[in-house]
Amino acid sequence: MKRLLLLAMLCFSLASSLKRVTLVRQRSLRKVMRDHGQFSHFCKAHKLDMIEYTEDCNVFKEANEPLISYLDLEYFGQISIGTPPQNFTVVFDTGSSNLWVPSIYCVSKACAAHKQFQPVQSSTYQAVGTPFSIEYGTGSLTGIIGSDQVVIEGLTVSNQQFAESVSEPGKAFLDVSFDGILGLAYPSLAVDGVTPVFDNMMAQNLVELPMFSFYLGKNPESPLGGEVIFGGFDPSRFMGTLNWVPVTQQGYWQIQLDNIQLNGTVVFCMNSCQAIVDTGTSLITGPTKDIKKLQNYIGATPVDGEYAVDCNNLGMMPDVTFTINGVPYTLAAQAYTLMDKYAGTAFCSSGFQGLDIAPPAGPFWILGDVFIRQFYSVFDRGNNRVGLAPAVP
């Protein structure tokens with residue numbers, strides 16, 4: 001009895017020391033543009049083919065910054081930079097490694113629509129001055145590197161280098177709900193060799209354990225969109241035990257897929273393949289030729305620049321199972337489709353998208369938010385592994 005009591009007290013102590021960042025879930029840019037009948041125009045203006053998704057995103061082949069499907073991002077959290085604190089809404093992105101926010105000196109309309117960092121207002125700011133550039137499918141984001149303290153839910157990271165954007169691509173970021181991006185991938189992906197925020201957290205002994213975890217809520221109406229935990233994980237957020245998967249390459253959070261099955265039959269990735277677990281990509285992506293076949297298998301058809309499915313057919317659509325380290329992770333149709341309502345009518349779209357990633361980085365599949373919503377994800381830098389378990393409803 002005493003051992004159980006001590007164990008319970010230890011668990012409570014560890015849980016209470018975790019730093020939880022609440023994530024707010026908001027409508028994605030794609031949904032907002034679709035509401036206003038602007039999505040098709042946006043795709044044409046930026047030469048985006050959202051069905052093929054090979055378009056101008058080919059620039060990613062030359063870029064260190066990975067693939068952020070910002071059109072569908074829905075989960076955002078708060079951080080502050082500087083003294084006194086200047087607050088920003090960011091995407092916590094496991095698919096990139098840099099922190100960037102708009103600068104007060106930014107000349108783009110997108111910056112004017114968001115919070116902007118004012119270095120002269122911070123007593124702890126230090127200029128670095130290194131040029132910074134990221135290529136997106138819709139253009140480049142440029143700026144300079146500065147250094148200041150970054151506060152995330154009571155964790156104060158000292159001397160954190162970050163990018164202050166002075167130019168953002170076209171209208172791409174004008175209507176998004178976030179100000180910037182906080183990358184949580186490995187240092188090798190960092191533009192300009194900047195030390196990532198979590199690496200500084202570990203170096204400055206700010207976290208109990210060298211890991212962080214994500215819970216993404218499934219119910220868009222829930223007040224809790226999700227949460228990021230720095231320094232550990234919360235067993236109350238998942239069912240059963242975590243299955244640990246080795247990281248195969250320390251850049252992205254890259255793992256091996258054994259195979260991909262439809263209703264129990266192996267259809268893709270027959271001899272294993274690579275995947276990354278990426279909170280900065282909302283959908284599940286894979287090689288275009290495979291995704292085209294997958295869309296056909298699930299009965300998805302091209303409609304207005306994306307793949308749509310009949311909402312009445314969800315019960316007849318096949319399960320899609322990703323086998324990872326010998327463990328099956330199954331998504332039912334209700335999980336891999338996205339449902340929304342327009343003028344009182346339900347609209348369902350596929351949560352899969354084709355995306356060709358050239359060597360040496362690719363090819364690989366991206367397990368984005370569609371996957372992570374169903375499976376609680378722990379990112380363990382201490383042991384270079386990813387932990388997965390079914391998320392609680």
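In this predicted model, six strands form an open sheet of mixed pairing, in the order S12-S13-S16-S25-S17-S24. Its edge strands are S12, covering residues 249-250, and S24, covering residues 352-354, each of which pairs on one side only. Strand S12 runs antiparallel to strand S13 (residues 253-257), and two bridges join them; within this pairing, Gln249 stands opposite Gln254 in S13. Helix H6 (residues 288-298) packs on the sheet, where it touches strand S17 (284-286), S24 and strand S25 (365-367), and the direction of the helix makes about 145° with that of S24.

Gln254, which has its place in strand S13, shows how a single residue sits in this part of the chain. It counts as buried because its relative accessibility is 6%, and buried means under 20%. Leaving aside residues up to four places away in sequence, Gln254 touches Pro246, Val247, Thr248, Gln249, Gln274, Ala275, Ile276 and Phe364.

A second open sheet is made of four strands with antiparallel pairing, in the order S18-S19-S23-S22. Here the edge strands, each pairing on one side only, are S18 (301-303) and S22 (337-342), and the twist from one strand to the next averages 50°. Strands S22 and S23 (residues 345-350) run antiparallel and are joined by six bridges, with Asp340 standing opposite Phe347 in S23.

Ala332 lies in the loop between strand S21 (327-331) and helix H7 (333-336). With a relative accessibility of 31%, Ala332 counts as partly exposed. Its C-alpha is 6.5 Å from that of Val320, a residue twelve positions away in sequence.

Turning to charged groups, side chains of opposite charge can pair when their charged atoms come close. A search of the whole structure finds eight salt bridges, and the table lists some of them.

| Pair | Closest N and O atoms | Separation in sequence |
|---|---|---|
| Glu74 and Arg373 | 3.9 Å | 299 residues |
| Arg381 and Asp199 | 2.8 Å | 182 residues |
| Glu227 and Arg237 | 3.1 Å | ten residues |

The pair of Glu74 and Arg373 links distant parts of the chain, with Glu74 in the loop between helix H3 (39-45) and strand S2 (75-81), and Arg373 in the loop between helix H8 (369-372) and strand S26 (375-380); both residues are buried. Arg381, in the loop between S26 and strand S27 (385-390), is linked to Asp199 in helix H5 (residues 197-203), and both of these residues are buried as well. Glu227 belongs to strand S10 (residues 226-230), while Arg237 is found in the loop between S10 and strand S11 (243-246); Glu227 and Arg237 are likewise both buried. Glu227 and Arg237 are also linked with Arg20 and Asp234 in a network of salt bridges.

On the surface, Ile104, Tyr105 and Val120 form a nonpolar patch, and together they have about 310 Å² of accessible area. Tyr105 is found in the loop between strand S4 (99-102) and helix H4 (109-112).

For the chain as a whole, the secondary structure comes to eight helices and 27 strands, and 56% of the 393 residues are buried. Among contacts with a separation of 6 or more, 70% are between residues 24 or more positions apart. The accessible surface comes to about 16400 Å², and carbon and sulfur atoms account for 53% of it.

Notes. Residues numbered from 1 in each chain as written. Predicted model: local features only at pLDDT ≥ 70, side-chain atom pairs only at ≥ 80, totals over all residues. Heavy atoms only, no water. Buried < 20%, exposed > 50% of the residue type's maximum accessible area, 1.4 Å probe, protein only. Contact = heavy atoms within 4.5 Å. Areas by Shrake-Rupley, 256 points an atom, 1.4 Å probe, with all protein chains shown as cover. Pairing = 2+ DSSP bridges. Axes fitted to C-alpha atoms, helices over the stretch in contact; angles between N-to-C directions. Patch = residues over 30% accessible without salt bridge, like charges linked within 9 Å, V, L, I, M, F, W, Y side chains within 5 Å. Salt bridge = Lys/Arg side-chain N within 4 Å of Asp/Glu carboxyl O.
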